[in-house]
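The following questions and answers introduce one protein structure to a reader who has not met it before. Please keep the sequence and the structure in view while reading.

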Amino acid sequence: MPSTRRKNQSLPTQVLGYFASDLGILLVAALIILSVYLIDTFTPLGEPVWLLYFIPLILSYWSSRYYAIPTIFIVTVFFLVAGFLLSPQGIPVQMAILNRFTFFLFFFITSLLLWTLRGKQIREENL
């Protein structure tokens, strides 16, 4: 894009362009992870707030970094465990562990699928 055209962009276009960049995607994903974690620590066990962790995982698909998806996965798993340990009592602990483990399995499978698809897409773009 010519430099004169780039300078004439409106403010909303510039802001959206920043958020669509790789750094913007990862920044938004990190903010969502922290927000979900904070909400998770205040809500009692049994409230499926942790389902919102799928949002940053899906956002990381559009990052140009090949290792964005596994990084988001690993960070999210740490926050998932920490949220479990810090959440106030709600449902029985065994049921909460079963719920979070089930989420972990779905999250792991989704991460693998997204990472495989993204890797294939990156390889095709580089041909």
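Q: Is Phe-108 buried, partly exposed or exposed, and what is its relative accessible area?
A: This is a predicted model, and the values that follow are computed from it. Phe-108 is placed in helix α6. Residues count as buried under 20% and as exposed over 50%, with partly exposed in between. Phe-108 falls in between and is therefore partly exposed, at a relative accessible area of 35%.

Q: Which residues make the nonpolar surface patch of about 360 Å²?
A: Phe-108 is partly exposed. The patch of about 360 Å² has four members, and Phe-108 is one of them. The residues that make this nonpolar patch are Phe-108, Ile-109, Leu-112 and Leu-113.

Q: How many helices and how many strands does the protein have?
A: From the N terminus on, the elements run α-α-α-α-α-α. The protein accordingly has 6 helices and 0 strands.

Q: What percentage of the 127 residues of the protein count as buried?
A: The accessible surface of the protein comes to about 8,300 Å², and 74% of this surface belongs to carbon and sulfur atoms. For a residue to count as buried, its relative accessible area has to be under 20%. Of the 127 residues, the share that counts as buried is 31%.

Q: Among contacts between residues at least 6 apart in sequence, what percentage join residues at least 24 apart?
A: One contact of this kind is that of Arg-100 with Asp-40, a pair 60 residues apart in sequence. Among contacts between residues at least 6 apart, those that join residues at least 24 apart make up 70%.

Q: Which aromatic residue pairs with Phe-73 in a tilted arrangement, at 5.7 Å centre to centre?
A: The structure holds 14 aromatic pairs. In the pair asked about, the planes are 55 degrees apart; planes count as tilted when the angle is neither under 30 nor over 60 degrees. The pair links helix α5 (residues 68-86), which holds Phe-73, to helix α6 (residues 93-125), with the two positions 35 residues apart in sequence. Phe-73 is buried at 13% relative accessibility, and its tilted partner is Phe-108.

Q: Which residues are linked by ring pairs into a cluster?
A: Phe-73 and Phe-108, the tilted pair, both belong to this cluster. The full membership is Trp-50, Phe-54, Phe-73, Phe-101, Phe-103, Phe-104, Phe-107 and Phe-108.

Q: Which residue meets the side chain of Arg-100 in a salt bridge?
A: Side chains of opposite charge can pair when their charged atoms come close. The structure has 1 salt bridge by the rule applied, and its N to O distance is 2.9 Å. Arg-100 lies in helix α6 and its partner in helix α3 (residues 22-42), so the pair ties together parts that are 60 residues apart in sequence. The partner of Arg-100 is Asp-40.

Q: What is the relative accessible area of Asp-40?
A: Arg-100, with which Asp-40 forms the salt bridge, counts as buried at 7% relative accessibility. Asp-40 is also buried, because its relative accessible area is 0%.

Q: What distance separates the C-alpha atoms of Arg-100 and Leu-45?
A: Leaving aside neighbours within four places in sequence, Arg-100 is in contact with several residues, including Leu-45, Trp-50 and Leu-80. Arg-100 and Leu-45 are 55 residues apart along the chain, and their C-alpha atoms are separated by 9.9 Å.

Q: Is Tyr-53 buried or exposed, and at what relative accessibility?
A: Tyr-53 is placed in the loop between α3 and α4. Leaving aside neighbours within four places in sequence, its contacts include Ile-33, Val-36, Thr-76 and Phe-103. Tyr-53 counts as buried because its relative accessibility is 0%.

Q: Over the ring of which residue does the charged end of Arg-118 sit?
A: Arg-118 and Tyr-67 are 51 residues apart in sequence, with their C-alpha atoms 9.8 Å apart in space. Tyr-67 lies in the loop between α4 (54-60) and α5. The ring beneath the charged end of Arg-118, however, has its centre 6.0 Å away and belongs to Tyr-61.

Technical notes:
Residues are numbered from 1 along each chain as its sequence is written. This is a predicted model: local features need pLDDT of at least 70, side-chain atom pairs count only at pLDDT 80 or more; totals for chains, interfaces and linings use all residues. Side-chain values use heavy atoms; hydrogens and water are left out. Rings of Phe, Tyr and Trp (its six-membered ring) pair if their centres lie within 6.5 Å; planes under 30 degrees apart count as stacked, over 60 as edge-to-face and the rest as tilted. Helices (H or I, at least four residues) and strands (E, at least two) are DSSP runs, numbered from the N terminus. Buried means under 20% relative accessible area, exposed over 50%, partly exposed in between (1.4 Å probe, protein chains only). A charge sits over a ring if NZ of Lys or CZ of Arg is within 6 Å of the ring centre and within 35 degrees of the ring normal. Patches are made of residues with over 30% relative accessible area and no salt bridge: like charges are joined within 9 Å, nonpolar side chains (Val, Leu, Ile, Met, Phe, Trp, Tyr) within 5 Å. Accessible areas come from the Shrake-Rupley method with a 1.4 Å probe; for residues, only the protein chains shown count as cover. Contact means heavy atoms within 4.5 Å.
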